[in-house]
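Look at the structure below with its sequence beside it. The paragraphs that follow lead from one part of the chain to the next.

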Amino acid sequence: MTDSRLPSVQPRGPGHRFVLYGDACSGVPGALHEDTFAAVNAVVARLDPPPEFIVFPGDEIIGLTRDEAALRAQWRHWFEVEMAWLDRARIPLFHTTANHTTYDPMSERVFADVMAHLPRNGPPGQQGLSYWVRRGDLLMVFVHTLWSGLGGEGHVETEWLEATLAANADARVKLVIGHHPVFSVNGYRGAYQRDIGPPHAEPFWAILVRHGVLAYLCSHILAFDVQVHDGVLQVTTAGAGTAHRMPEGVEYLHCLTAAIDAEGMRYRVLDTDGRIREALSWPLVLPPSTQWRELVTGEQPALDALPIAAGLVPASVRAWRVSGVAAGTGAAARQTWLSAYSHSPATAPLWIGLSGPDQRLTVSIGVNPSPGRSPHYWFGPSLAPGEAFDLQFALHGGMGPGGVLVRSGDDAPWSSLDGASANGPEALAALPNWTIGHGDGGPDDRPFLGRDLRVRTVHAEQPEV
């Protein structure tokens, strides 16, 4: 491994410094994923200072065999050969169960055996599979999102999770870690197989919100993705070595160097060359919306681009506050709140408004890395016919597709809109031209059908990562 060092993200004062990466699907000498996993490990080994601990949310080995001896041999190779570089007595390594490692009762038993160093404080029947760890003011709860006793993949219990969070209410920072995402990533949807199943997902997330959890850390989808829902982050990292991508050409092998402190959570996503590909400081930092400037149709002072975060360049956030009174029942055509445009025949790079009979918030981004492709869409809450509304939405250049955000006011939590794209607002260039209340084709182009429409905006650079 190279001697060149890479700076870790460090807490601003007291806090915690750690590495997050998952999904290697290795454990077999000379197999496809051994070299790719080694390339990511080489980056983790270069971090300076090294992490205080490592979180690995599953799929360490390829697994998926009914031969118990072969399964144990994979685990031995993973720990004794592929991870031999790591001093686990000095840097603890915390794991979750996953679909390649705990796919039946036999593999669950093997997992509990090889993870004998992990706490045995999980719920009945899941000792060694689910557990919690307290490190000072930090609580980490590791959940089993495919317990055979509950139905297998995509199933997760919630009573023990809530009890554990309640018993550790004094923890200043709470993280929950599991394998399967709750919210779909990059359009890869599928209850139970790709996401936690619907009967569990809603109560599971409600528990996280209720107990003030900072983030749910997961993997499974072979991508890096961050979203926020009701103020809780979902960070998906599955780039530790599995050679496939979801989708190919967009995602990449990676690990995260992350820190948590009194101001929040920050991370950098590093590829196998050690380059910073994405970064985030959370929560967002914005001035009060009463200080945002009015936006009207026509030429505006040039608005800065929304570049993806790179190096130590902070990410840009463009936010809008839109208020008015919704149209009455029967309005189904698209209605424009605001539209950015250029003096070219190309599709508007950004359109924000309402669509459908439920008057659902809709965001369209027309900048696509593949020329000639359709715009990408994100969908948010619906408006009640004839009622007043006052919403804020934002585009975050460092959050990828999860960076299309909405909230109901300055003190309300942010949520990512629902989309199916692997790209987000990071490719948007400067947006100097706007129409308010109608599309760029004139007053009759997708007009807003309600009244008293008002739009205010702000552009805010975020803290450096």
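A residue counts as buried when its relative accessible area is under 20%, and as exposed when that area is over 50%. The model shown here is predicted. Take H220 to begin with: its relative accessibility is 11%, and therefore H220 counts as buried. This residue belongs to the loop between strand 9 and strand 10 (224-229). H220 is not a glycine, yet its phi is positive, at about 75 degrees.

H220 also leads to a pocket. Which residues lie nearest the centre of the second largest pocket? They are N99, H100, H220, L222 and M246, and the lining as a whole has 16 residues. By type, the lining of this pocket consists of five nonpolar, seven polar and four charged residues. The space in the second largest pocket comes to about 220 Å³. Rolling a probe the size of a water molecule over the atoms is what shows where such empty space is left.

M246, another of the residues nearest the pocket centre, is joined to P247 by a cis peptide bond, with omega about 0 degrees. P247 sits in the loop between strand 11 and strand 12 (255-261). A second cis peptide bond links W282 and P283, and here omega is about 10 degrees. P283 is found in the loop between strand 14 (276-282) and strand 15.

Now go back to strand 9, which covers residues 215-218. In a regular strand the side chains alternate between the two faces of the sheet. In strand 9, A215 and L217 are on one side and Y216 and C218 on the other; all of them are buried, and both faces are covered. Strand 8 (residues 173-177) runs parallel to strand 9, and three bridges join the two. Within this pairing, V176 has Y216 as its bridge partner. Between these two strands the chain passes through helix 5 (residues 198-210), making a right-handed β-α-β crossover. Strand 9 also pairs with strand 11 (residues 232-237), again in the parallel sense, over four bridges. Here L217 stands opposite V235.

Helices come next. An α-helix has 3.6 residues a turn, so residues three or four places apart point the same way. Which residues of helix 3 (residues 105-114) are buried? They are M106, S107, E108, V110, F111 and A112. Among the elements that cover them are helix 2 (68-82) and strand 5 (93-95).

Helix 2 also holds Q74. The relative accessible area of Q74 is 9%, so this residue is buried. Leaving aside residues up to four places away in sequence, Q74 touches S26, G27, V28, I61, I62, G63 and T65. L64 lies in the loop between strand 4 (53-56) and helix 2. L64 has a positive phi of about 55 degrees, although this residue is not a glycine.

Further along the chain there is another sheet. In what order do its six strands lie? The order is 15-27-17-22-23-24, in an open sheet with antiparallel pairing. Strand 15 (293-294) and strand 24 (415-416) are the edge strands, each pairing on one side only. Strand 15 is joined by two bridges to strand 27 (residues 451-461), and the two run antiparallel. In that pair, R293 has T457 of strand 27 as its bridge partner.

Strand 22 (residues 388-396) has a neighbour on each side in this order. Seven of its nine residues are buried, which leaves strand 22 mostly covered. Towards strand 17 (residues 316-325), strand 22 makes nine bridges, and the two strands run antiparallel. One facing pair is G324 and F389, with F389 in strand 22. Towards strand 23 (residues 404-407), strand 22 makes four bridges, also in an antiparallel arrangement. In this pairing the bridge partner of Q392 is R407.

The last stop is a loop. N423 lies between strand 25 (418-419) and strand 26 (433-436). Is N423 buried or exposed? With a relative accessible area of 18%, N423 is buried. N423 and G400 are 23 residues apart along the chain, while 5.7 Å separates their C-alpha atoms.

Key
Residues numbered from 1 in each chain as written. Predicted model: local features only at pLDDT ≥ 70, side-chain atom pairs only at ≥ 80, totals over all residues. Heavy atoms only, no water. 1 Å grid on protein atoms, 1.4 Å probe; cavity = no way out; pocket = protein on both sides within 12 Å on 5 of 7 lines; lining within 4 Å. Points joined across faces, edges and corners; volume = space filled by probe spheres on them. Nonpolar A, V, L, I, M, F, W, Y, C, P; charged D, E, K, R; others polar. Buried < 20%, exposed > 50% of the residue type's maximum accessible area, 1.4 Å probe, protein only. Contact = heavy atoms within 4.5 Å. Pairing = 2+ DSSP bridges. Right-handed = clockwise from strand over helix to strand, strands pointing away.
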